[in-house]
Amino acid sequence: MTDESTSSKSMMICAFEGWNDACQAATNVIRHLASHYEYREVRHIRSDGFYDYQLARPMICHVTGSARIVWPQTRFYEISVAPDLRVYAQIGPEPNYRWMEYTRRSLSIADELEVDEIVTLGSMYADCPHTRPLPIDQSALRRHESSIRGAGVKKDTACGSNPYDGPVGIPTVIDTVANEEGFDTTAMWVSVPQYLGGDECAQGTLEILRRLSDLLGVELDEGDLPVKAEHWKAQASVLTSCNDDLAEYVTRLENQYDLNQQMECLRSSDEPQSEQLAREAEEFLEHMDD
């Protein structure tokens with residue numbers, strides 16, 4: 001990682017298809033940017049040795065009458081979102097094998113492109129209602145910082161703010177190794193309702209795009225994403241209205257969401273009784289989960 005200062009900020013946004021991409025909410029951020037701004041491919045990582053082709057299958061397409069096999073691979077794009085920003089995007093299927101080598105290649109490319117910051121995107125299924133803002137967990141580490149993640153960074157985790165312990169995907173590996181190698185890093189994860197299945201979640205994509213806009217300091221073109229998000233909400237509401245058990249479940253999630261929000265407000269209040277009220281709210285939430 002070069003220490004030389006550059007005249008413009010340079011950032012690489014990374015998103016991967018598969019386990020880390022519930023409802024394609026994360027990778028669709030990059031697809032959205034590529035569809036609304038000028039872009040060009042600048043690098044790629046070939047698939048050899050990284051993929052199980054029974055899981056990430058090659059595809060056949062016909063170009064000018066000839067059949068062509070398209071193999072899964074990772075592509076890097078430069079996307080022109082603002083004159084004083086150099087924004088790159090990495091997108092591809094999550095690799096099945098040799099994650100550390102894949103990570104080293106990814107960060108080597110970031111180094112070649114003189115990237116200042118690595119931003120990893122992800123989306124996950126969670127117990128959260130479609131009728132409320134979808135929770136986003138955003139955390140950051142700056143080079144030479146300690147391993148305390150999220151220090152001084154806004155976190156919005158309405159479905160729960162406890163640190164995560166458990167299995168991780170390639171975004172978390174890249175995020176962790178990138179910081180160890182001297183890059184600034186930011187991780188953004190949006191939660192999407194698990195009860196809605198695997199259809200694309202425009203609301204999740206919109207939530208990440210808006211948070212990314214804040215991070216870049218640029219008002220990104222949202223295109224028709226707000227309209228698609230409203231359509232997604234309307235479809236979800238129709239689904240829940242046709243199923244009494246599901247409607248009851250969503251109502252419980254709404255109540256839990258609202259209580260979490262109230263608890264956060266109490267914690268941030270200076271009133272003497274706030275801490276006691278927050279503890280009582282926590283006890284009530286724990287009782288709801290029993």
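Me: What makes strand 8 and strand 9 count as paired?

Reply: In this predicted model, strand 8 and strand 9 are joined by six bridges in the antiparallel sense, and since two strands pair if there are at least two bridges between them, the two are taken as a pair. Within this pairing, L141 stands opposite T185 in strand 9.

Me: How do you know that strand 9 also pairs with strand 7, and in which sense?

Reply: Strand 7 and strand 9 share 10 bridges, in the parallel sense, and the requirement is at least two, so they pair as well. One of the positions here is M124, which stands opposite S191 in strand 9.

Me: Why is strand 9 called mostly covered?

Reply: A residue is buried when its relative accessible area is under 20%, and 10 of the 10 residues of strand 9 (residues 184-193) are buried. Both faces are covered: D184, T186, M188, V190 and V192 are buried on one side, and T185, A187, W189, S191 and P193 are buried on the other.

Me: What makes strand 2 and strand 8 the edge strands of the sheet?

Reply: The open sheet has seven strands in the order 2-5-6-1-7-9-8, with mixed pairing. Strand 2 (39-45) and strand 8 each pair on one side only, and they are the edge strands. Neighbouring strands of this sheet are turned against each other by 20 degrees on average, direction ignored.

Me: How do you know that strand 5 and strand 6 pair, and which residue is the bridge partner of E78?

Reply: Five bridges join strand 5 (residues 74-79) to strand 6 (residues 85-93), and the two run antiparallel; as at least two bridges are required, they count as a pair. The bridge partner of E78 in strand 6 is Y88.

Me: Why is helix 4 described as largely enclosed?

Reply: Of the 15 residues of helix 4, 13 are buried, so the helix is largely enclosed by the rest of the structure. Its end C-alpha atoms are 21 Å apart, which agrees with the 21 Å that the 15 residues (202-216) should span at 1.5 Å a residue. Just after helix 4, G217 takes a positive phi of about 75 degrees.

Me: Why are D258 and R132 said to form a salt bridge, and what does the pair tie together?

Reply: The N to O distance between their side chains is 3.0 Å, and a salt bridge requires a nitrogen within 4 Å of a carboxyl oxygen, so the contact qualifies. D258 lies in helix 6 (residues 244-268) and R132 in the loop between strand 7 (117-126) and strand 8, so the pair ties together parts that are 126 residues apart in sequence. D258 is partly exposed at 27% relative accessible area, and R132 is partly exposed at 23%.

Me: How do you know that K228 and D224 meet in a salt bridge?

Reply: Their N to O distance is 3.9 Å, which is within the 4 Å limit, so the pair is counted. K228 is partly exposed at 46% relative accessibility, as is D224 at 37%.

Me: What makes V168 partly exposed, and which surface patch includes V168?

Reply: The relative accessible area of V168 is 38%, and partly exposed covers values between the 20% and 50% limits, so the term applies. V168, in the loop between strand 8 (136-141) and helix 3 (170-180), makes a nonpolar surface patch of about 360 Å² with W19 and Y164.

Methods. Residues numbered from 1 in each chain as written. Predicted model: local features only at pLDDT ≥ 70, side-chain atom pairs only at ≥ 80, totals over all residues. Heavy atoms only, no water. Helix = DSSP H or I, 4+ residues; strand = E, 2+ residues; numbered from the N terminus. Expected span 1.5 Å × (residues − 1). Buried < 20%, exposed > 50% of the residue type's maximum accessible area, 1.4 Å probe, protein only. Patch = residues over 30% accessible without salt bridge, like charges linked within 9 Å, V, L, I, M, F, W, Y side chains within 5 Å. Areas by Shrake-Rupley, 256 points an atom, 1.4 Å probe, with all protein chains shown as cover. Axes fitted to C-alpha atoms, helices over the stretch in contact; angles between N-to-C directions.
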